[in-house]
Amino acid sequence: MTDHDVIIIGAGFGGMGAAITLRKLGYEDLLIVEREDDLGGTWHVNHYPGLAVDIASVTYSYSFEPNPYWKNWFARGSELKQYAEHVAEKYDLRRHMVFGVSAEGARWDDDEQHWVVTTSLVAGTGTTTVRTARYLMTATGFLSQPKLPDIEGVDDFAGTVIHTAKWDDSVDLGGKRIAVIGTGATAVQLIPQIAKHAAALTVFQRTPIWVTPKNDFKIPRPVQTLFATQPWTQRAARAVNGAWLEGMMVTAVLHYKQAKFLNNGAAALAKAHLRRQVTDPETRRKLTPDYSFGCKRPTFSNNYYPTFNEDHVTLETTPIAKITATDIVTADGTSTPIDVLVLATGFNLWDSNFPAFEIIGREGRNLGKSWRQSGYHAFEGVTVPGFPNFISLNSPYSYSGLSYFMTIEVQMRHLERVFGALRDQDASTFEVTPQADAEFLEQMLERMDDTVFAQGSCGTARSYYYTNEGDAVLLRPTSSGSARKAVESFPLEDYTFS
Ligand code: NAP
């Protein structure tokens, strides 16, 4: 007997999708462990000013749970959090969740054929609990471990320090001298909002980001009503938008070798956007990336570039040498005194994620160590040989398509097939075969050849897409159509069931 049938780590959209699938298959004894104090994953954790999704909301949602009432084409962060709450309520998931509990480690017990999961209370005094479950699923997100910059003296700063993923709404930015380190997609949303309040804002940029116009608009009430009363209209909007995203992914990312004129076109669009929006040529030069469009995640914004026209906003590209109690000092010796330091420095994937906590499989195999030492792999971005009854939703080569929901739904179908087979075969243990895993990896590596990561000029891009060794193993280098086809057609013999 185990404490639970399934333990799922993470109560974001991935974990909730897994729970919905398992409930549909008749599993009721689920425990969803979440280290935060509520559900929603990224959309609960992040609440910095300006937060919004940049995949259209008709697409960035579960296909089986459309929300006709999105207020904007690109939903704001708070709407996504509400949507997550709605899903949890509708599918009765909250009763499975425990909050403020962090997974510390998981170990496969081969004698008992179950997982032993150690958790601790986030706010406690180191109290740990050991729970067992027949199945373990990790849905801990890719962008969930905030990264602090490795800059000398960052801990010495005596003013207020905020990482974007730990935004403190109580901090008054009014009239303050603020520095932002980082110019990724988060900073692009945040900087225009901060500039409204700051007395002086200095943005420290190491690598510029490609920014194209954001075609956002309020969804009029009559359209929302149409989506609600004639759901096929929203499905049609989703299909059209999905096809557009798929087209971009397939051409600009996957087939860069054949279609680089499209990337060049996108880069030209971004440069024209920059020319229209930034008056000073030197600032424009600094904001222009020198790597191929698509090597790192581009973003969309209509108010990022114009911020740099404002007199109280400075774009600093000289590298930071150190941070003191009061200042940021750049390599040329210039000191910028500040009151608030905002770290828009992103997330650490390759040291403290993959996986997010220690996972030990059969014969003492350590998942993180084996990925780092022998290379990243996971069959269909979901399962790994040597780790029975384990589903890793944030695996190498798992992210397919541009909307995360495409990935989530393919993975939900994967679960449905594996757990359906368990039931049909009256089995209780599954494990992917090494051969299936190796063949999948071979396919992924082959397909990588045509991508922007292999063919583009990516040397200066720096992105969380690449491991510490420089390999782009995060994205699945196939169309999401192909991922959908594969999940329907992989032979169940790719798994052993016992
Ligand atoms: P990010 O893209 O990794 O950007 C981090 C930034 O911090 C980069 O500009 C990086 O510079 C800089 N940085 C890191 N360490 C530094 C150091 N030691 N010194 C100087 N600069 C340093 O992180 P993010 O902006 O948080 O975005 C992460 C992802 O979140 C996005 O790509 C996207 O997938 C997601 N996101 C999505 C939305 C949405 O609308 N859906 C919105 C925001 C974020 P380098 O580039 O030189 O390393």
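Let's start at the side chain of Q189: one of its N or O atoms sits 3.2 Å from an oxygen atom of the ligand. Keep in mind, everyone, that this is a predicted model. Y464 also uses its side chain, with an N or O atom 2.6 Å from a ligand oxygen. A52 does things another way, since here a backbone N or O atom lies 2.6 Å from an oxygen atom of the ligand.

How much of the ligand does the protein bury? On its own the ligand exposes 900 Å², and 88% of that is buried by the protein.

Now let's look around the ligand. There are 26 residues around it, and the ones that come nearest are A52, T186, T207, K296 and Y464. So you have already met two of those, A52 and Y464, in the polar pairs. For those of you who like to sort residues by chemistry, the shell divides into 11 nonpolar, 8 polar and 7 charged residues.

Which helix gives the most to this shell? That is helix 4, residues 185–195, with 3 residues. As for domains, the shell takes at least three residues from domain 1, which covers 4–39 + 93–145 + 349–497, and at least three from domain 2, which covers 160–215 + 242–343.

Let's move on to the sheets. One of them is an open sheet of 5 strands, with parallel pairing and the order 7-16-8-9-12. The edges belong to strand 7 (160–163) and strand 12 (313–316); each has a single partner strand, so one side of each has no neighbour in the sheet. From one strand to the next, the twist averages 15 degrees.

If you zoom in on this sheet, strand 8 (residues 177–181) and strand 9 (residues 200–204) run parallel and are joined by 5 bridges. A handy pair to click on is I178, which stands opposite L201 in strand 9.

Then we have an open sheet of 3 strands, in the order 13-14-15, and here the pairing is antiparallel. Why is one side of strand 13 and of strand 15 left without a neighbour in the sheet? Strand 13 (320–323) and strand 15 (335–337) stand at the edges with a single partner strand each, and therefore one side of each stays free of a neighbour. Ignoring direction, neighbouring strands in this sheet are turned by 20 degrees against each other on average.

Strand 14, residues 327–330, pairs with strand 15 over 3 bridges in the antiparallel sense. Within strand 15, T336 is the residue that I328 stands opposite.

Last topic, and one for anybody who checks backbone geometry. Most peptide bonds are trans, and most residues other than glycine have a negative phi. With that in mind, please look at F354 and P355, which are joined by a cis peptide bond with omega at about -10 degrees. P355 belongs to the loop between strand 16 (340–343) and strand 17 (358–360). Strand 16, by the way, is also one of the strands in the parallel sheet.

The other spot is Y397: this residue is not a glycine, yet its phi is positive, at about 60 degrees. You will find Y397 in the loop between strand 18 (390–392) and helix 11 (404–424).

Thanks for listening, and feel free to spin the model around while we chat.

How values were computed
Residues numbered from 1 in each chain as written. Predicted model: local features only at pLDDT ≥ 70, side-chain atom pairs only at ≥ 80, totals over all residues. Heavy atoms only, no water. Near = heavy atom within 4 Å. Polar contact = N/O pair within 3.5 Å; in protein donor to acceptor, adjacent residues only side chain to side chain. Areas by Shrake-Rupley, 256 points an atom, 1.4 Å probe, with all protein chains shown as cover. Helix = DSSP H or I, 4+ residues; strand = E, 2+ residues; numbered from the N terminus. Nonpolar A, V, L, I, M, F, W, Y, C, P; charged D, E, K, R; others polar. Domains from an automatic or database assignment. Pairing = 2+ DSSP bridges. Axes fitted to C-alpha atoms, helices over the stretch in contact; angles between N-to-C directions.
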